[in-house]
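Good morning, and thank you for making time for this presentation. I shall take up a pocket, then the nonpolar cores, one helix and, finally, the cysteines.

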Amino acid sequence: MGLLDRFRSNTSNQQVRGSAVVAKERLQILVAHDRAERNRPPYLNQLKEDILIVVRKYVNVDLNAIQVTYEQDERREILELNITFPDTSHSHNHDAK
Amino acid sequence: MARIIVITSGKGGVGKTTTSSALAMGLALRGHRTAVIDFDVGLRNLDLVMGCERRVVYDFVNVLNSEANLTQALIKDKRCENLFILPASQTRDKSSLKREGVGRVMEELSRGFDYVVCDSPAGIEHGAMMAMYYADDAIIVTNPEISSVRDSDRMLGILAGKSRRAETAATPIREYLLLSRYDPERVQRGDMMSVDDVQEILSLELLGVVPESKAVLTASNAGTPIILDKESDAGQAYSDVVKRYLGERLPHRFIETTKKGLLNRLFGE
């Protein structure tokens, strides 16, 4: 390696700089996802099925028509249920929260 | 009553046994009666790192099965009279560890010791679960590397949900981060995550940073806990870890690169 290259390699390092940044970014996403998964109450799936049974008494919807999302921040937990009614004559989209 | 400390990580090969032996020796050298237990049943290694492999007569599983009592199975360290080693069984498997039995041994050890250090096997299977179940404190050994950090986070979830303290709604386990195999030069070059990066992700109290060091292999080759090598950076880092664990406030060392002068930068390496 020539003398000039030694100086130059310092500048090219600036461009290489990044694999650690990439690792950190990937981890932040992964860990956030893992934690969200872990913090989901275990009853969510059962809840979804039970709601489906109730809704089906009145409207014929399938399991995919019910979306249950769960979010948590420091102060509160938000459980959001979104039921999409089938597209019949007098169809409407019904949101329940 | 002893304080029970689990050394855990999820991922293998990050330095759990090295840390267990160093911490146990460090605590014992500072006058605390300390027992260190190898939970890696079937793959016993702590005895090698501690240099007492030829003195193993009875092991942890013998004690659990009442084939020997604790006094018979505990190996007294030759370098420090406050330190005792309880080796794992090499011939059985991890299902020999039953929660009640482990609890009984922990209780008995608690009466005679100040600290009980539990060297966890890798993974999140039964052996690792048993090692962490009775813990009061957990030291999460992590390498600045993507899979190790992720596994550590997974382990934090397990400590928070499946330990005795979690199940009995007692004060949660105190969790500490120990970052090992740290290479400040690679961090500076940008191809290794920094202490701050890892802490930002795991948000744990940092117990210490142990630099990547050739001395660790040399020490394990000889069966000497690295903390006894006072010349080595890793040995010194572990001394700091012990002091911090015992409540001393010390600045973190070995996280900066040794500054190279201009001549060194031009002609070094």
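**A pocket, two cores and the cysteines**

The second largest pocket has a volume of about 520 Å³. Please bear in mind that this is a predicted model. The pocket is lined by 28 residues, and those closest to its centre are B:G13, B:V14, B:G15, B:K16 and B:T18. Several elements of chain B give two or more residues to this lining: helix 1 (16-29), helix 2 (46-50), strand 7 (174-182), strand 8 (205-211) and helix 11 (214-222). Helix 11 of chain B gives the most, with 4 residues. Sorted by class, the lining comprises 11 nonpolar, 10 polar and 7 charged residues.

I turn now to the interior. In soluble globular proteins, nonpolar side chains tend to be buried together. Here, the largest nonpolar core has 57 residues. Within this core, the residues with the most contacts are B:F39, B:F60, B:L86, B:V102, B:M106 and B:L109. Let us look at B:F39 in particular. Leaving aside residues up to four places away in sequence, B:F39 touches B:F60, B:K94, B:L97, B:V102, B:M106, B:C118, B:D119, B:S120, B:P121, B:G127, B:M130 and B:A131. There is also a second, separate core of 36 residues, which includes B:L46, B:V56, B:I85 and B:A234.

Three of the contacts of B:F39, namely B:G127, B:M130 and B:A131, bring us to helix 6 of chain B, where these residues are buried. Helix 6 spans residues 126-133 and is largely enclosed by the rest of the structure, because 7 of its 8 residues are buried. The buried residues are B:G127, B:A128, B:M129, B:M130, B:A131, B:M132 and B:Y133. What do the buried residues of helix 6 of chain B pack against? Their partners in chain B are strand 1 (3-8), helix 5 (99-112), strand 5 (115-119), helix 7 (146-162) and helix 8 (164-167).

Lastly, the cysteines. How many disulfides does a search of the whole structure find? Over all chains, the search finds 0 disulfides. For B:C80, the closest cysteine sulfur is that of B:C52, and no bond can be assigned because the two sulfurs are 13 Å apart, too far for a bond. B:C80 is buried, at a relative accessible area of 7%. For B:C118, a contact of B:F39, the closest cysteine sulfur is again in B:C52, at 16 Å, and this too is too far for a bond. B:C118 counts as buried, with 0% relative accessibility.

Thank you for your attention.

Notes. Residues are numbered from 1 along each chain as its sequence is written. Chains are lettered from A and ligands numbered from 1 in the order in which they are written. This is a predicted model: local features need pLDDT of at least 70, side-chain atom pairs count only at pLDDT 80 or more; totals for chains, interfaces and linings use all residues. Side-chain values use heavy atoms; hydrogens and water are left out. On a 1 Å grid over the protein atoms alone, a cavity is a set of points where a 1.4 Å probe fits but cannot get out, and a pocket is an open set with protein on both sides within 12 Å along at least five of seven lines; lining residues have an atom within 4 Å of a point. Grid points are joined across faces, edges and corners, and a volume is the space filled by probe spheres set on the points. Ala, Val, Leu, Ile, Met, Phe, Trp, Tyr, Cys and Pro count as nonpolar, Asp, Glu, Lys and Arg as charged, and the others, Gly among them, as polar. A nonpolar core is a set of buried Ala, Val, Leu, Ile, Met, Phe, Trp, Tyr and Cys residues joined through side-chain atoms within 4.5 Å. Buried means under 20% relative accessible area, exposed over 50%, partly exposed in between (1.4 Å probe, protein chains only). Contact means heavy atoms within 4.5 Å. A disulfide is a pair of cysteine sulfur atoms within 2.5 Å.
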